[in-house]
Amino acid sequence: MVQVRSPLTQTPEWQALSKHQSQLAGVHMRTLFRDDPERFHRFSLSAAGLHLDYSKNRIDRSTLGLLTALAEVRDLCAVRDAMFSGRPINNTEQRPALHIALRASPEQDIRVDGVNIVPEVQATLKRMEAFVEQVHSGARTGYQGDSLTDVVSIGIGGSYLGPRMMTEALRPFTRNGVRCHYVANIDGTDISEVLKIVKPETTLFLIQSKSFGTQETLENSKLARQWLKDAGVTDDDLARHFVAVTANAAAAHDFGIAEDAVFPMWDWVGGRYSLWSAIGLPIALTLGMDNFRRILDGARAMDEHFRDAPLQENMPVVMALLGIWYVNFWNADTHAILTYDEYLKELPAHLQQLDMESNGKQVDRDGKPVDYATGPVIWGGVGANGQHAYHQLLHQGTVLSPADFIIPLQSHNPVANHHATLFANCLAQSQALMQGKTEEEAWAELTAQGLPQEEVDRLAPHKVIPGNKPSNTLTFEKATPEVLGALVALYEHRTFVQGVIWNLNSFDQWGVELGKQLGKPILQQLTEGVHNEDVDSSTAGLMQLFRGE
């Protein structure tokens, strides 16, 4: 890895951006649009079926160049090339981060420890294809010879959020009547509610766990196995109803899963980057393997754009740099993902894990504390619904939260004038965030309503909307498998670029591990009556309440 020679905040590039921010702080985007009729075309990009309008940002013609200079001094291109070549950029775990290999073309050569891993990835895709065909054709059946019509995917984190998001986002492409259900939570309600609506004879359980030891996943899988036994499924027939995706094949076999029903996971892919692998089996079973391959095609198109496009014309880089601009120079600590497509309602949750688990770090790659903000809170929701809820804070609140508006140009369900109305709402919200409403405009509006002067003066301050709130708008023709692949890959690379600039390892998650470590002894104390004198009084008191003491 190329080592950064000086702390980020001491670089001349950082200082230049700080100065530039102070110069733009008093400039309203209304002025920027008024002074540049070509602003939309100047600040727009297209790649892999996506169009990005980033003109509604607090930037001028020099901003992107200054941000790009910061990326260059952080050796972004070198680190990007290191990732694509399979070098161990996950330095705390000494692993590559090669989710890009999962969507590589068969002729590509990507090596780990001198071995080209692409043939192994392609072989797994062929195994997935054969398995999906067995299920769809009825060749693989349940214990009574019935076709398998329901898939229950049991996983958590990246084994859950990514596949769930993709099957929901591409619901119009559902094939062969296979219904997919997801179980993640250790709360017994989650799996209980799913088991109420499926039948033992037609249900396939898919256990998704890299270690095959994740507590939530393993406990839910045990319950599923017992549910089948209670329905009369013999030990010999249990294997008909289970498939696993794991790096621990031995544990899967011990659980009772047949050897040919265990699909691999690799240590060079993190969970939040794994939907492109066999973790995507729920996607392939629901949408068909041809559509799963189309998703990979879209992601690969974005990979190629990210690898080859100049930085200032590179969509993931531009979006990442704008995020850096607001987090580090405008003190924004949240970022909203606003999806104007009902099918994309699960996308914010997936991107939340992708970004926050990757860059929610307080030390850099060398273990030294950072003196700058990293990893904003990612949040959001679906389309026009949010306009009647949290958009109020975006417009008139005191926090700055940049937003990404995501909307297709065409709907899968063109009912009456609904999509035009939806599109108008999306454009109006981004315009209102940018433009706002001055006190003079509020005053004139109220006066035109014929209100008494005293009432106008009283109400006008409440109707002022400052505007100057930044947003991006991502559009695409229609939500297809290729588009969804490109869209998710776009945000993966955006997250990676920000991690490079912040000098973070975006591919470990030690904060997640601490909760797992502490959870085991607490569970022992709750269920086995073990007492630990060293536990803090709050935890001890709450455990006593649970035990009824």
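What share of the 549 residues in the chain is buried? In this predicted model, buried residues account for 52% of the chain. The accessible surface that remains amounts to about 23,600 Å², and carbon and sulfur atoms contribute 51% of that area.

The overall fold can be described next. The chain contains 22 helices and 13 strands. Its radius of gyration is 26 Å, close to the 24 Å that the globule rule gives for 549 residues, so the chain is as compact as a globular protein of that length. The C-alpha trace spans about 80 × 60 × 55 Å along its principal axes. Among contacts with a separation of 6 or more, 76% are made by residues that lie 24 or more positions apart.

Charge was examined across the whole chain as well. There are 47 positive and 66 negative side chains, and 3 Å separates the centres of the two sets.

Helix 7 offers a helpful close-up. This helix covers residues 158–169, and its 12 residues should span 16 Å at 1.5 Å a residue; the end C-alpha atoms are 16 Å apart, which agrees with that expectation. Helix 7 is also mostly covered, with 12 of its 12 residues buried. The buried set includes the charged residues R164 and E168, along with G158, S159, Y160, L161, G162 and P163. Also buried in helix 7 are M165, M166, T167 and A169. For readers tracing the side chains in the structure, an α-helix has 3.6 residues a turn, so residues three or four places apart point the same way.

Terms used:
Residues numbered from 1 in each chain as written. Predicted model: local features only at pLDDT ≥ 70, side-chain atom pairs only at ≥ 80, totals over all residues. Heavy atoms only, no water. Helix = DSSP H or I, 4+ residues; strand = E, 2+ residues; numbered from the N terminus. Rg over C-alpha atoms; globule rule 2.2 N^0.38 Å. Buried < 20%, exposed > 50% of the residue type's maximum accessible area, 1.4 Å probe, protein only. Contact = heavy atoms within 4.5 Å. Areas by Shrake-Rupley, 256 points an atom, 1.4 Å probe, with all protein chains shown as cover. Charge placed at Lys NZ, Arg CZ, Asp CG, Glu CD. Expected span 1.5 Å × (residues − 1).
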